[in-house]
Amino acid sequence: MRLACLAVALSLFAALAAAFEIEDHRFYPGTGPQVLKIISTADLEVFEPYLLAFQAQRPELSIDYTVASSAALYGAIRNGAPFDLALSSAMDLQFRLANDGFALPHASDRTDALPDWARWRDLIFAFTAEPAVVVLSADRFAGLDVPATRQELISLLRAYPDRFQGAVGTYDIRDSGLGYLFATQEARSTDAFWRLSEVMGRLAPRLYCCSGQMIDDVAAGRLALAYNVLGSYAVERMARASGGRVKIVQMQDFSNVILRTALVPRQAENTGAAGAMIDKLADLGLRDGPGTWPLPPLRPSADDAGGGFGPIRLGPALMVFLDPLNRRDFLGEWENAMVQR
Amino acid sequence: MKTTGSIGRRLTLLLAGVAALLSLLSWGMVTTLARQAAERTQDNVLAASATTIAETLRSEQGEVRLELPYSAFAMLDAISQDRVFYRIAAGDALLTGYDDLPVPTAVPAPGQVVFDTGVYSGEAVRMATVSRPVVAGSQPVQVTVTVAQTRHGVGTISAELSRVAAILSVAFFAVAVGLSAVAARTSLRPLNEIAAAVSRRGPSDLRPLRRDAPEELAPLMTSLNRLMERLGQSIRRSEDFIAEAAHRVRTPLAVVRTQAEIALRSVGDEAEKTRLRRIIRAVDESSRSAGQLLDHATVAWRADDLARAPVDLAELAAQTAGALEATAAMKDIRLHLDTAPARVAGDAVLLENALRNVLDNAIKYSPEDTAVRLSVRTADGEARIAVSDEGPGLGTGPAEALTERFRRGDNTEGIVGSGLGLTIARDVLTAHGGRLEFAPAPKGRGTCVSLVLPSL
């Protein structure tokens, strides 16, 4: 009786310790008993081709794929949730995990082929470079020039407050790790960020947790523009499918490029399979053209060289804005600008 | 003589050993210095990072506030990919960062950076700590800023430099070994040259070595010269002794011979006369031997410091033949002279002595009533006096052996002789740069002995 109580208590504790919000989950059974447990921020529709390609190479391997937000992923790994591979677009959180000793090293000729900026100490490996873009509704922008810089965007928003009132969307950086990363890096790199925030704040902006909803709302015409959306090929496909109603613009004055990264958590059991998956992703990251894959490669191809800015640097500086004091200050300032009552 | 190793090899090994030691030392030093330099660089960056953070410290509404500057951590990334930890505390209370970072307990004085090494998160870390008082509320509180970084990059940089230094050290060592071999050979060259100079010398050349020698070899040269001088003196003393002895024996022998001849004339008994004749004959032989010993000593003495005056061999041959005519006549031997002028440079006394000994030999070994021929010729830059007899020949032994001291041919029984005659002749000719040649006489019977000299 007492033992049963203990067992229940233990399993409850384990569930609590590993408790985090799961957005999606799918199991791809393989022919053998081995399972590769992946936790990722990438939606299934985006990432499924990669999983299937990998499983085609290793058919004996079952893949257990869990989608979570970047913050949930970070917490899960820190709390020892049993995953073999963590894939996230939140570079800062991934870096912090590696820096604090929550990652296992992995090295192979594939990862050695990655450029220096695309890996850090055999612990983190980048496999995509994705820019932040602005998504516009063509209908809402009818008769207006498409802005190419932040300055033009600010002028436009100032000139037509009625048209954009309540029709501007961006990440709620209090919830979205990616939004926070974009905002902090942009604040560091360009003066226009705070002025733009002020202008947006006056237009009663709508704040989102994730890019998917934002794009949907632009496509449906509920939003005139969504600022700082992660520009993957999925977004581009959606824009093309919308029949010209959705336009994607990359700011010419400055554009953040984030690296989607992989790491093997400290608690990983199937490190061999995780390493093989990293090698596969590194290989795909170094491919020359976009191909049929939903996520872009590390090096932009010639036709979409977006401004020529390098990606955000993988390094300890990423931890600066994760510091609670800095975060508190930054969020305070952001709220002052964006959430005007 | 047993050789005990080679100086050259020993010198090379010694120099190579020194080079190896120096290579090892320089490698060790470069490795240490590289490590120190890498560590100092890391220290400087850590100090700059901690100072940059400390500069943002301020007080707002009674609260210590700070802002981690982006550059404070970006600069840590500049050198290597190392893990970074930090801790900022006001007094004992953590403001932000990693609470369990093992920061030093001693609070640094304002403006001073304290470095420390520790272990955090399973890795060795280097920490820089600065401290600054901030007035928050009523009284100042000491805020310490610690920035720590793992030492992976330091290890990588110093290992790389150490590897390069090791390669350079090995190369340096290889070059040094080659140079050592060359140096050893060069420094031993004077010694080899002296050895070669000594071995090139003739058997009786005891002149002192007059060569320029390095300082270290001067004692050897001095000792060698002194040894040769002593040896020369010793040889001269024994020659002197022989000459003296021969001289002293000859005078009493002459007295004995005179007395024996007087006695021969006064006795009538035939048996007594025969006995006395035998005495005279023995005395003659002894006297002759003593004379030759004296000659030998004279040759040895004069050859040491040879006079080189022009001498006409034809004239010399005529004189010598004249002097021995009486002796030859006693055995009814005819002396035929066939001379042409031949001039050589030399000591007339010695040359006469040599020729007399050869001619004397010829007369002595010739049967009665025969002829001894003397010819003097010049050909091919050589002057040659040939003495041919009709005697029994040279016997079966090697001809050159006859010139050894006290050696006599194996067909000389019944003829008195000392065995010194040809030795003297050879020594004289050698001293003049010439030689003695033996050949069967051209008429098929007898011997032809030639004295060959370089002509003027």
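**Architecture of chain A, its contact with chain B, and a five-stranded sheet in chain B**

Of the 341 residues that make up chain A, 55% count as buried in this model, which is predicted. The secondary structure of chain A comprises 13 helices and 12 strands, and its C-alpha atoms fill a box of roughly 70 × 50 × 35 Å along the principal axes. For a chain of 341 residues, a compact globule would be expected to have a radius of gyration near 20 Å, and the value of 21 Å computed for chain A agrees with this. When contacts within chain A between residues at least 6 apart in sequence are considered, 79% of them join residues at least 24 apart. The accessible surface of chain A amounts to about 14300 Å², and 53% of this area belongs to carbon and sulfur atoms.

The interface between the two chains brings 25 residues of chain A into contact with 25 residues of chain B. Between them, chain A and chain B bury about 2100 Å², with 47% of that area on carbon and sulfur atoms. On the side of chain A, the residues that lose the most area to chain B are Arg121(A), Pro316(A) and Leu325(A), which together account for 28% of what that side buries.

Contacts across the chains also involve Arg96(A), a residue of helix H4 (residues 91-99) of chain A. Its relative accessible area is 12%, and because this value falls under 20%, Arg96(A) counts as buried. Apart from neighbours within four places in sequence, Arg96(A) is in contact with Tyr74(A), Arg78(A), Met319(A) and Leu322(A) of chain A, and with Tyr86(B) and Tyr98(B) of chain B.

In chain B, strand S3 (residues 84-90) pairs with strand S4 (residues 93-97) in the antiparallel sense over four bridges, and Ala90(B) stands opposite Ala93(B) in S4(B). S3(B) and S4(B) form a hairpin with two residues between them, and Gly91(B), located in the turn, has a positive phi of about 65°.

Chain B further contains an open sheet of five strands, arranged in the order S9-S11-S12-S14-S13 with mixed pairing. Its edge strands are S9 (334-339) and S13 (435-440) of chain B, each of which pairs on one side only, and neighbouring strands of the sheet are turned against each other by 15° on average, direction ignored. Within this sheet, strand S12 (residues 382-388) and strand S14 (residues 447-454) of chain B run antiparallel and are joined by seven bridges; the partner of Ile385(B) in S14(B) is Leu451(B).

Two helices of chain B lie across strands of this sheet. Helix H6 (residues 313-330) of chain B lies across S9, S11 (371-379), S12 and S14 of chain B, and runs at about 175° to S9(B). Helix H8 (residues 421-431) of chain B lies across S13 and S14 of chain B, running at about 130° to S13(B).

Positive phi values also occur at two aspartates in loops of chain B. Asp332(B), in the loop between H6 and S9 of chain B, has a positive phi of about 55° although it is not a glycine. Asp380(B), found in the loop between S11 and S12 of chain B, has a phi near 55°, again a positive value in a residue other than glycine. With a relative accessible area of 79%, which is over 50%, Asp380(B) is classed as exposed.

Conventions. Residues are numbered from 1 along each chain as its sequence is written. Chains are lettered from A and ligands numbered from 1 in the order in which they are written. This is a predicted model: local features need pLDDT of at least 70, side-chain atom pairs count only at pLDDT 80 or more; totals for chains, interfaces and linings use all residues. Side-chain values use heavy atoms; hydrogens and water are left out. Two strands pair if DSSP finds at least two bridges between them. Axes are lines fitted to C-alpha atoms, for helices over the stretch in contact, and angles run from 0 to 180 degrees between N-to-C directions. Contact means heavy atoms within 4.5 Å. The radius of gyration is taken over C-alpha atoms; the globule rule is 2.2 Å times the number of residues to the power 0.38. Buried means under 20% relative accessible area, exposed over 50%, partly exposed in between (1.4 Å probe, protein chains only). Accessible areas come from the Shrake-Rupley method with a 1.4 Å probe; for residues, only the protein chains shown count as cover. Buried area is the accessible area (1.4 Å probe) that two parts lose on being put together, summed over both.
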